[in-house]
Amino acid sequence: MAKKKAAATSTRKQRHDHAMENAEDYVELIDDLQQEIGAAHKSDIATRLGVSHVTVHKTINRLKSLGLVNAEAHRAVSITESGKKLADDARERHVLVLRF
């Protein structure tokens, strides 16, 4: 029984970690797009990440519920202050990893 509980805990942690990596990738890209072209549209995000518009829509809604982005129908997506901090932290970590 303890093995099943440990496995379930491990699986939940992996899902959480993957969700956070995904959130970091999205907010970092949204920040990049805002700096490069002035706006981050869902179609641009989908193209850059190689995913469907539906995937982007669902992920943006999740990020919105976490307070990381602002998004309205048929409008560009923008990051919040919390999202900007997450993007900056992720970017710093990525630069550090690439230096090795």
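What share of the contacts in the chain with a separation of 6 or more is accounted for by residues 24 or more positions apart? In this predicted model, such pairs of residues, 24 or more positions apart, account for 52% of the contacts with a separation of 6 or more. The secondary structure of the chain consists of four helices and two strands, which succeed one another along the sequence in the pattern α-α-α-β-β-α. Of the 100 residues of the chain, 28% count as buried, while the accessible surface comes to about 7,100 Å², with 56% of this area belonging to carbon and sulfur atoms.

Within helix H2, which spans residues 42-49, the buried positions include Lys42, Ile45 and Ala46. These residues cover an arc of only 100° around the axis and therefore lie on the same side of H2. An α-helix has 3.6 residues a turn, so residues three or four places apart point the same way. The helix H2 is followed by Gly50, for which the phi is positive, near 70°.

A positive phi is also found at His74, where the value is about 60° although the residue is not a glycine. Most residues other than glycine have a negative phi. In the chain, His74 is located in the loop between strand S1 (69-70) and strand S2 (78-79), and with a relative accessible area of 84% this residue is exposed, the cut-off for that class being over 50%.

Key. Residues numbered from 1 in each chain as written. Predicted model: local features only at pLDDT ≥ 70, side-chain atom pairs only at ≥ 80, totals over all residues. Heavy atoms only, no water. Buried < 20%, exposed > 50% of the residue type's maximum accessible area, 1.4 Å probe, protein only. Contact = heavy atoms within 4.5 Å. Areas by Shrake-Rupley, 256 points an atom, 1.4 Å probe, with all protein chains shown as cover. Arc of directions from axis to C-beta.
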